[in-house]
Amino acid sequence: MKAQIQASGTARSTAILSLLPTRRARPVNHSHLKTRQLTLLVRIDEERNLVRAAAAAGLTQPAASKLLRQLECDFEVKLFDRHPRGMVPTAYGEILIRHARLALREFAIASDEIVALKSGLSGKAAIGTVVSPGTNLVPMAILRMKQRHPNVLTRVEMGSSRMLVQKLVRGDLDMVIGRVLDSTPGEELNYEALALDEPHAIIAGARHPLAQRPGLQLEQLVEQPWIIPPAGSLLRERLTEMLTKQGLSLPDNLVEAESLPVITALLQQSDMLAILPEEAVQSCCAAGVLTVLAKNLPIGVGAFGLITRRHQKLSTATQLLISSIREQAALMYPPEGPRPGCPKMSVV
């Protein structure tokens, strides 16, 4: 899959390059670039409107227009096309916007590290994680690191792989513990596998009417109200595929949610069901507030691992956290552990 991603990216880059002029371009004097110009580029890409982008960047509209004209003059290319739906980046604009985001992110990292150093800290690392490793691997790795380096500040964000990887590419995160999907820009990322496919289970509140009923079948469970991930998420796609193979469809009574605290609160206070990695709610089940109705679902969401930007220069704090994650993963997911693929669904 990774080779296909890289091949797709190469083909896309080749197609763009074939449209560009072949004349020798004049080198750009990068010292002329201003932080305000980089910020304006990113804001225009987000707002698709010069007036709103100028306001978001703290500029007047005439000043924003002048900065944009200077950029296009310096690079001798058109960076945006005007359409009825707004300003759309050209192929040149997309390149410059991507690097502007990275440059601004590096400035932000430098600022954070200076502030951290002045306040007695020794750095900052931002990590995104999918649900299951976010409830065990990541917290334990952070504790491991904090024991050795208590002054490192860590920011943790939980979400879907797609959303987190998008933030990683934009430079909003330093690393992601997640999955490489078909839509992942493989040419921009490094992936290091940490664990193989994780088993999922159907979870309910401990007082659910079906909690004590043995031999439950999937047909009975889809009649219940469910909490499922939003459309476009990998788990939602795999759940739909599993139901379709058994001649079933998604329940009509649904709540879409990805936040684990929200999901567990809904399960405890209602008769809803959710599909989750069993490890993610192990403590709630042990405490008697949640229960497992069916385990080992044939979902097959795939392995998860450590994802970083390929050409990213990692801060010292980020390197320390990555080292702790590798150590903790080696303890939790030894090579002789479960192999990819889920066994047939079993009921409890």
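Two strands count as paired here if DSSP finds at least two bridges between them. Keep that in mind as you click around this predicted model.

**The whole chain**

Start with everything shown. The protein has 348 residues, and 43% of them count as buried. Colour by secondary structure and you should find 13 helices and 13 strands. If you like contact maps, take the contacts with a separation of 6 or more: 76% of them link residues 24 or more positions apart. Switch on the surface, too. About 18300 Å² is accessible, and carbon and sulfur atoms hold 55% of that.

**A hairpin to warm up**

Now select 80-83 and 86-89. These are strands β1 and β2, which pair antiparallel over 4 bridges. Just 2 residues make the hairpin link from β1 to β2. For a landmark, show the side chains of D81 and V88: D81, in the pair of strands, sits opposite V88 of β2.

**The five-stranded sheet**

Next stop is an open sheet of 5 strands. Walk across it in the order β4-β3-β5-β12-β6, and notice that the pairing is mixed. Which strands form the edges? Select 153-158 for β4 and 189-195 for β6; each of these pairs on one side only. Look along the sheet and you'll see that neighbouring strands are turned against each other, by 20° on average if you ignore direction.

Zoom in on the β6 side. Its partner is β12, residues 304-309, and the two strands run antiparallel with 6 bridges between them. What holds such strands together in general? Strands of a sheet pair through backbone hydrogen bonds, in either a parallel or an antiparallel way. To get your bearings in this pair, pick A193 and look across to G305 in β12, which stands opposite.

Keep the sheet on screen and add 316-332. That is helix α13, and it packs on the sheet, where it touches β3 (124-129), β4, β5 (175-178), β6 and β12. Compare the helix direction with that of β3: the angle is about 45°.

**Ser132 and its surroundings**

Last, select 131-135, which is helix α6, and pick out S132 within it. Is S132 buried or exposed? Its relative accessibility is 2%, and the cut-off for buried is under 20%, so S132 counts as buried. Who surrounds S132? Set aside the neighbours within four places in sequence, then show E198, P277, E279 and A280: S132 is in contact with each of these. Leave those side chains on display as you finish the tour.

Note on methods:
Residues are numbered from 1 along each chain as its sequence is written. This is a predicted model: local features need pLDDT of at least 70, side-chain atom pairs count only at pLDDT 80 or more; totals for chains, interfaces and linings use all residues. Side-chain values use heavy atoms; hydrogens and water are left out. Axes are lines fitted to C-alpha atoms, for helices over the stretch in contact, and angles run from 0 to 180 degrees between N-to-C directions. Contact means heavy atoms within 4.5 Å. Buried means under 20% relative accessible area, exposed over 50%, partly exposed in between (1.4 Å probe, protein chains only). Accessible areas come from the Shrake-Rupley method with a 1.4 Å probe; for residues, only the protein chains shown count as cover.
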